[in-house]
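Subject: A structure to look through

Dear colleague,

Please find below the structure I promised to pass on to you, together with its sequence. I suggest keeping it open beside this message while you read my notes.

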Amino acid sequence: MDQYLVYGNPIKQSKSPTIHKAFARETNQNIEYKIQLAELDAFEETVKVFIKAGGKGANVTAPFKEEAMAMCDELSEHAKFSGAVNTLTFKNGKIYGDTTDGVGLVNDLLSQDVTLENSRILLLGAGGASKGVVLPLLHQKPKQLIIANRTVSKAEAIAQQYNDQPIQAMSFEDANKEAFDLIINATSAGLSGSGVPISENIITANTICYDMTYGKELTPFLKMATECEAKQVIDGLGMLVGQAAESFYLWRNVRPKTENILSKLREELNT
Ligand code: ATR
């Protein structure tokens with residue numbers, strides 16, 4: 001049976017085994033998928049042991065995505081631009097690295113009938129989560145993609161990677177003066193309980209609000225979006241399933257359906 005793992009620290013909370021096992025059942029793929037805690041100073045070593053034992057691939061989550069990138073022999077375009085790897089494939093003695101978060105986000109948005117082509121998108125944050133989704137968003141041909149961040153220079157550094165693309169960096173203050181079709185929260189601000197520093201004025205009945213995180217309760221950003229009666233309010237559970245589906249596809253060359261497992265996870269979250 002082909003073996004796969006997800007590495008992280010901590011990792012117990014990961015839903016990846018549940019998701020991949022559901023994909024495997026649905027597509028009749030005979031695989032095993034487990035969680036693996038890696039010690040903070042021993043990530044590379046732990047991966048090499050798995051490769052030696054015949055492992056076929058692995059997902060990588062915090063805090064190892066950059067280290068995972070550093071140990072790859074070949075990188076996808078998405079991984080190069082995002083500076084991080086969440087999917088490792090071990091094949092022909094080589095390590096291939098990709099990042100599927102952005103495709104997962106885009107597929108989730110499209111599956112919920114969000115129009116990305118020709119739209120004005122505001123991406124909040126300029127950390128790892130943000131970097132990982134910029135290229136797939138640009139591939140959807142938005143009219144404009146604005147990256148706003150507390151530390152504006154970090155948003156500028158991302159925007160500069162993409163020549164000839166409709167992308168621009170801004171402060172939150174300047175972004176608060178514009179109008180957007182879609183606002184995506186990629187900051188970690190919601191995790192600590194505080195909200196993102198955007199004004200309620202830019203969330204109207206025509207704005208779709210998406211938070212890359214999810215939880216039992218609405219995130220502070222999505223709570224604000226709900227109060228402002230945004231057009232659609234979406235959390236990141238679909239992105240989680242979407243990135244897993246893309247990893248599964250890279251490994252198995254079969255595209256799993258995401259609806260059933262997404263409903264199951266949603267149900268679990270709500271109980
Ligand atoms: P991740 O990998 O989750 O993106 P990260 O790389 O540490 O984590 O990035 C965190 C992001 O959330 C950054 O954009 C950070 O802004 P700075 O670059 O200015 O630090 C943003 N962030 C975190 N807490 C925030 C807060 N309270 N208000 C606004 N932005 C915040």
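How many Å separate the centres of domain 1 and domain 2, taken over C-alpha atoms? The answer is 25 Å, and before going further I should say that this is a predicted model, so please read every value here as computed from that model.

The two domains

The domain assignment divides the protein chain into domain 1, made of residues 2–99 together with 238–270, and domain 2, which covers 102–235. Where they meet, 14 residues of domain 1 are in contact with 19 residues of domain 2. The size of an interface is often given as the accessible area lost when the parts come together. Here the area buried between domain 1 and domain 2 is about 1500 Å², with carbon and sulfur atoms giving 59% of that area.

The polar side of this interface can be described too, since the count between domain 1 and domain 2 is 2 residue pairs in polar contact, both residues at pLDDT 80 or more. The side of domain 1 that touches domain 2 draws at least two residues from each of α4 (77–82), α11 (237–252) and α12 (259–270), and α11 gives the most to that side, with 6 residues. The rule also finds 1 salt bridge across the interface of domain 1 and domain 2.

The nonpolar cores

Which residues touch the most other members of the largest nonpolar core? This core holds 29 residues, and those with the most such contacts are L105, L109, L123, V134, L137, L182 and I184. Several helices and strands each supply at least two residues of this core, among them α5 (101–111), β7 (120–124), α8 (152–159) and β10 (182–185), while α7 gives the most, with 4 residues.

I184 is a good residue to click on when you want to see how this core is put together: leaving out residues up to four places away in sequence, I184 touches L105, L109, I121, L122, L123, L124, L137, Y210 and M212. A second, separate core has 21 residues, including A148, A175, I183 and I203.

Salt bridges

How many salt bridges does the rule count? The count comes to 11, and a few of them are worth finding by eye.

One of them joins the side chains of E44 and K48, at 3.0 Å from N to O. These two residues are 4 residues apart in helix α2 (residues 43–52), so they are separated by about one helical turn. E44 counts as partly exposed because its relative accessibility is 37%, and K48 counts as partly exposed at 44%.

Another salt bridge brings together the side chains of D101 and K65, again described by an N to O distance of 3.0 Å. This pair links distant parts of the chain, with D101 in helix α5 and K65 in helix α3 (residues 65–70), 36 residues apart. D101 is buried, with a relative accessible area of 15%, whereas K65 is partly exposed at 24%.

E246 forms a salt bridge with R255, and the closest N and O atoms of that pair are 3.1 Å apart. E246 counts as buried at 12% relative accessibility, whereas R255, at 48%, counts as partly exposed. You can also look for R266, which forms a salt bridge with D235, the closest N and O atoms being 2.8 Å apart.

Two buried polar residues

Is R252, a residue of helix α11, buried or exposed? R252 is buried, because its relative accessible area is 18% and the cut-off for buried is under 20%. Its side chain makes a polar contact of 2.8 Å with the side chain of D2, and once neighbours within four places in sequence are left aside, R252 is in contact with D2, Y4, Q29 and I31.

T89, which is found in strand β5 (residues 87–91), likewise counts as buried, at 13% relative accessibility. A polar contact of 3.4 Å joins the side chains of T89 and W251. Apart from neighbours within four places in sequence, the residues in contact with T89 are K56, G57, K94, I95, Y96 and W251.

With best wishes

Notes. Residues numbered from 1 in each chain as written. Predicted model: local features only at pLDDT ≥ 70, side-chain atom pairs only at ≥ 80, totals over all residues. Heavy atoms only, no water. Core = buried A, V, L, I, M, F, W, Y, C linked by side-chain atoms within 4.5 Å. Buried < 20%, exposed > 50% of the residue type's maximum accessible area, 1.4 Å probe, protein only. Contact = heavy atoms within 4.5 Å. Domains from an automatic or database assignment. Buried area = accessible area lost by both parts, 1.4 Å probe. Salt bridge = Lys/Arg side-chain N within 4 Å of Asp/Glu carboxyl O. Polar contact = N/O pair within 3.5 Å; in protein donor to acceptor, adjacent residues only side chain to side chain.
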